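Open the model in your viewer and get your selection tool ready. We will go from one stop to the next, choosing residues and looking at what they touch.

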Amino acid sequence: MALVSDLLSWLQGLPEPGLVAATGGLVFAECTIGLGFLAPGESGLLVAATTANTVPRFLVLWLVVPLCATAGDALGYGIGRRFGPRLRETKLIRKYGLEAWDKATAVLERRGVWAVFFARFLPVIRTLTPAAAGTSGLAFRKFLPAAAAGAFCWSLVHISIGAALGEAAKRIEGALNTGGLIVVGVLVAVAVFFLVRLKKRKTPATPEREPERVP
C-alpha cells in the first residue's frame, strides 16, 4: 500500500511550473477539434489536483487551468466560425462525435449561452460545443463570458475533487497499515474460499459407467 504514498510524493515532488503547464496544455488541447478526442484533459486535471495540498498550489492550478480551458474554447469557436457546417461532414466528427455534435448544436439552439456554460461539465460535448457555437453564429461576445464562467466552475470542482482524493488516499493507506492489512487479507481469503466452492458446485459430476452386459 506504500505505492499510493510513493506516487503522490513523486507527483508533489515534480517542479510545480512543469506540472501546472502540462495540465494546462492538456486542458487546452481537449477543447479544440481533433485534439479533444485524444487529450485526457479531465483525467490529467484530477491527477495533477492530487498535488494541491497547499492553498498556493490550489490557487495556482485554479488560475492557470480555467485560462487554458477558455483559450482552448476560443480556438474551437474560431475553427467553427471559419469552417461552418462543413465540420459536421469531416471524418473526425463522423468517427468520434456525430451524435454529440448534433446534441451540442440542438442544445445551443434552445439554450444559447447557458448551453456553453453547462457543456463544460459534459465529456465529448465539451470538446464539440465551442466549434458548434462558432458554426451556429452565436456572438463571440456572448460565447466568451459563458465559456470562461463554465471553465472556472468546472476547474474548481475537479481540483477540489482531486485534492480531496489525494488526502483521502493517504488516510486510507494509513488505516490499512498493520491490522488493516490483516483484515484485507482475511476478506480476500474468504472471497477465494467461496469462489472455489461455487466453482465446484458448477462443475458437472462425472456420470457413472453402466456395467457391461454379458451376452
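Start by selecting Glu16, Val20, Thr23, Gly24, Val27 and Phe28 in helix H2, which meet Arg57, Val60, Leu61, Val64, Val65, Cys68, Ala69, Ala71, Gly72 and Leu75 in helix H4. Contact here means heavy atoms within 4.5 Å, and helices are DSSP runs (H or I, at least four residues) numbered from the N terminus. Before going on, please note that this is a predicted model, in which local features need pLDDT of at least 70, side-chain atom pairs count only at pLDDT 80 or more, and totals for chains, interfaces and linings use all residues. Residues are numbered from 1 along each chain as its sequence is written, and side-chain values use heavy atoms, with hydrogens and water left out.

Now look along both helices. The axes of H2 and H4 come within 8 Å and cross at roughly 30°, which makes H2 roughly parallel to H4 (angles under 35 degrees count as such, over 145 as roughly antiparallel, 65 to 115 as roughly perpendicular and the rest as oblique). Axes are lines fitted to C-alpha atoms, for helices over the stretch in contact, with angles from 0 to 180 degrees between N-to-C directions. The crossing of H2 and H4 is right-handed, meaning that the near helix is turned clockwise from the far one by less than a right angle.

Keep H2 (residues 16-30) and add H3 (residues 41-49): their axes are 8 Å apart, at an angle of about 160°. H2 is therefore roughly antiparallel to H3, and their crossing is left-handed. To see the contact, select Leu19, Thr23, Leu26, Val27 and Glu30 in H2 with Gly41, Glu42, Gly44, Leu45 and Ala48 in H3.

Next, show H4 with H8. Their axes lie 6 Å apart at an angle of about 40°, so the two helices are oblique to each other. Asp73, Gly76, Tyr77, Gly80 and Arg81 of H4 make the contact with Pro130, Ala131, Ala133, Gly134 and Thr135 of H8.

Where is the structure's one salt bridge? Select the side chains of Asp73 and Arg120, which meet at 2.8 Å, N to O; the term covers a side-chain nitrogen of Lys or Arg within 4 Å of a carboxyl oxygen of Asp or Glu. Asp73 lies in H4 and Arg120 in the loop between H7 (113-119) and H8 (125-136), so the pair ties together parts 47 residues apart in sequence.
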